[in-house]
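Biologist: Thanks for sitting down with me. Could you walk me through this model, starting with the ligands?

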Amino acid sequence: MLLIQALSVLPTLLTISALPQHQKAFEIKHELRLIQTSDSAPPQWVPEDEIVKMQTKGIKFMDITEFPDLGKINSKRYTIAKTKFPEHLNYQKEVNTAIANISTEYMEENLRAFIGFNTRYYKSSTGQQSGEWLFELVKATCIGNPNISVTQFHHSWRQHSIIAKIPGSKSESIVIVGAHQDSANLFFPGHKAAPGADDDASGTVTILEALRALVSVGFQPEKTVEFHWYSAEEAGLLGSQAVFSKYERKNKDVVAFLQQDMTGYIQKTLESGKSESVGVITDFVHKGLTDFIKTIITEYCMVPFVETKCGYACSDHASASKAGYPSAFVIESDFKDSNPNIHTIGDTIDKLSFDHMKEHTKLTIGFVVELSHI
Ligand SMILES: *[C@@H]1O[C@H](CO)[C@@H](O)[C@H](O)[C@H]1NC(C)=O
Ligand SMILES: *[C@@H]1O[C@H](CO)[C@@H](O)[C@H](O)[C@H]1NC(C)=O
């Protein structure tokens, strides 16, 4: 989740003005960045320290400094609104075989190790190390299938993104699922601890477990399937913009993209007397693909969906959309019941439900298998 939501915990934290000058200045330069805060307003050049203030005020944005042309090349963007997705599901047996292979023990083990890095901030040394660690884990996960390639996507900053690609037997069109691997502390992005257990270690292991289960059962897609772990989501969707600007330039045919950012927190939902559900985001997404996701949840999950909204550029699906690709986003709950501890040292593993994350893994497998057939 983009650095926006921790406002609810503001009163319990030190305010920025209460801190010593040397801490305020840490890693925050006065370099200008090109910032976009809506589709209608033109982007603006903003100093980096002002951006941190914007974040603490809850303003959502894309930092388009490196990728000002994203979305200006792909002529398909004028027709994607018309892209059709299946109304009926046809691969229940294949999906359920992979679902039966999901292990919440693996998810917990992986998440626990991943949040062991002090911060996964994209410009930090531990963020670089967590990226290397995740890369090795994804490679080990795919070892059973030599057709799968796992690559690092390098950026102009330290932490790379990761792409696992299962080539389609019949098509180079691509079905993609994504999560972001970086974390950040709202007030001292590169400095203070940011375990990011929910945001977004949960999504990271959710899609990793889907990949592991699929590899275990010998999944062979007809279309190409990719799993992406983005760097620098918290800094304005930088990693996903880099990936999708390359895909757009190479004219890659991405038929569907699904982002999972925060998949494990249900405490607030339960405390407010509501039933556990999967939040399906309905703003800034592809309508037909989103309807298809609802069908997937109804078929393969034990909990229902709830429609919810999260605003402009709230996670990496916004980069895929901007590049002209149909994209969707699912989150742990109704957005207003989502985890209030993100971007603080309080985003810890004890607040997460691995059973709920498993529901997100099930829908990931359903999404991938159903769309991977011609
Ligand atoms: C997943 O499937 C593989 C291959 O059939 C099997 O060896 C493994 O025990 C299964 N794992 C789980 C958690 O069911
Ligand atoms: C690798 O791809 C080839 C060609 O599609 C296929 O015949 C083979 O079974 C695949 N191997 C695995 C382990 O999926």
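Biologist: How do the residues of the shell around ligand 2 divide into nonpolar, polar and charged?

Modeller: Happy to start there, and please keep in mind that this is a predicted model. Ligand 2 is surrounded by Asn145, Asn147, Ser169 and Gln220. Asn, Ser and Gln count as polar because they are in neither the nonpolar nor the charged group. The shell therefore divides into no nonpolar, no charged and 4 polar residues.

Biologist: Lovely. What distance separates a polar side-chain atom of Asn147 from an oxygen atom of ligand 2?

Modeller: Let me take the shell residues in turn. For Asn145, a polar side-chain atom is 3.3 Å from an oxygen atom of ligand 2, and for Gln220 a side-chain N or O atom is 2.9 Å from an oxygen of this ligand. For Asn147, the distance from a polar side-chain atom to a ligand 2 oxygen is 2.2 Å.

Biologist: And what percentage of the accessible area of ligand 2 does the protein cover?

Modeller: The polar side-chain contacts to ligand 2 include one from Gln220, at 2.9 Å. On its own, ligand 2 has 360 Å² of accessible area, and the share of this covered by the protein is 47%.

Biologist: What share of ligand 1 does the protein bury?

Modeller: Around ligand 1 you will find Ala100, Asn101 and Ser216. Taken alone, ligand 1 exposes 360 Å², and the part buried by the protein is 38%.

Biologist: Let's turn to empty space. Which element gives the largest share of the lining of the largest pocket?

Modeller: The largest pocket has a volume of about 480 Å³. Its lining has 27 residues, and the closest to the pocket centre are Asp39, Tyr312, Ala318, Ser321 and Lys322. Two elements give two or more residues to this lining, namely α9 (287-300) and α10 (317-322). The largest share, 4 residues, is given by α10.

Biologist: By class, how many nonpolar residues are in the lining of the largest pocket?

Modeller: Among the residues closest to the pocket centre are Asp39 and Lys322, and both Asp and Lys count as charged. Over the whole lining, there are 4 charged and 8 polar residues, and the number of nonpolar ones is 15.

Biologist: Which class has 4 residues in the lining of the largest cavity?

Modeller: The count comes to 1 cavity of 30 Å³ or more, and the largest cavity holds about 30 Å³ of space. Its lining is made up of Ser183, Ala184, Ala194, Gly196, Asp199, Glu234, His343, Thr344 and Asp347. Of these, 2 are nonpolar and 3 charged, and the class with 4 is polar.

Biologist: Why does the pair of Tyr230 and Phe257 tie together parts apart in sequence, and how many residues apart are they?

Modeller: The model has 12 aromatic pairs by the rule used. Tyr230 and Phe257 form one that is tilted, with 6.4 Å from centre to centre and 50° between the planes. Tyr230 lies in strand β7 (residues 224-230) and Phe257 in strand β8 (residues 254-260), so the parts tied together are apart in sequence by 27 residues.

Biologist: Last one, on the backbone. Where is Asn251, which has a positive phi, placed?

Modeller: One backbone feature is the cis peptide bond from Asp199 to Asp200, with omega near 0°; Asp200 lies in helix α6 (residues 197-216). As for Asn251, its phi is positive, about 60°, although it is not a glycine. Its place is in the loop between α7 (238-249) and β8.

Notes:
Residues are numbered from 1 along each chain as its sequence is written. Chains are lettered from A and ligands numbered from 1 in the order in which they are written. This is a predicted model: local features need pLDDT of at least 70, side-chain atom pairs count only at pLDDT 80 or more; totals for chains, interfaces and linings use all residues. Side-chain values use heavy atoms; hydrogens and water are left out. A residue is near a molecule or strand if one of its heavy atoms lies within 4 Å of it. A polar contact is a pair of N or O atoms within 3.5 Å; within protein, one must be able to donate a hydrogen and the other to accept it, and residues adjacent in sequence count only if both atoms are side-chain atoms. Accessible areas come from the Shrake-Rupley method with a 1.4 Å probe; for residues, only the protein chains shown count as cover. On a 1 Å grid over the protein atoms alone, a cavity is a set of points where a 1.4 Å probe fits but cannot get out, and a pocket is an open set with protein on both sides within 12 Å along at least five of seven lines; lining residues have an atom within 4 Å of a point. Grid points are joined across faces, edges and corners, and a volume is the space filled by probe spheres set on the points. Rings of Phe, Tyr and Trp (its six-membered ring) pair if their centres lie within 6.5 Å; planes under 30 degrees apart count as stacked, over 60 as edge-to-face and the rest as tilted.
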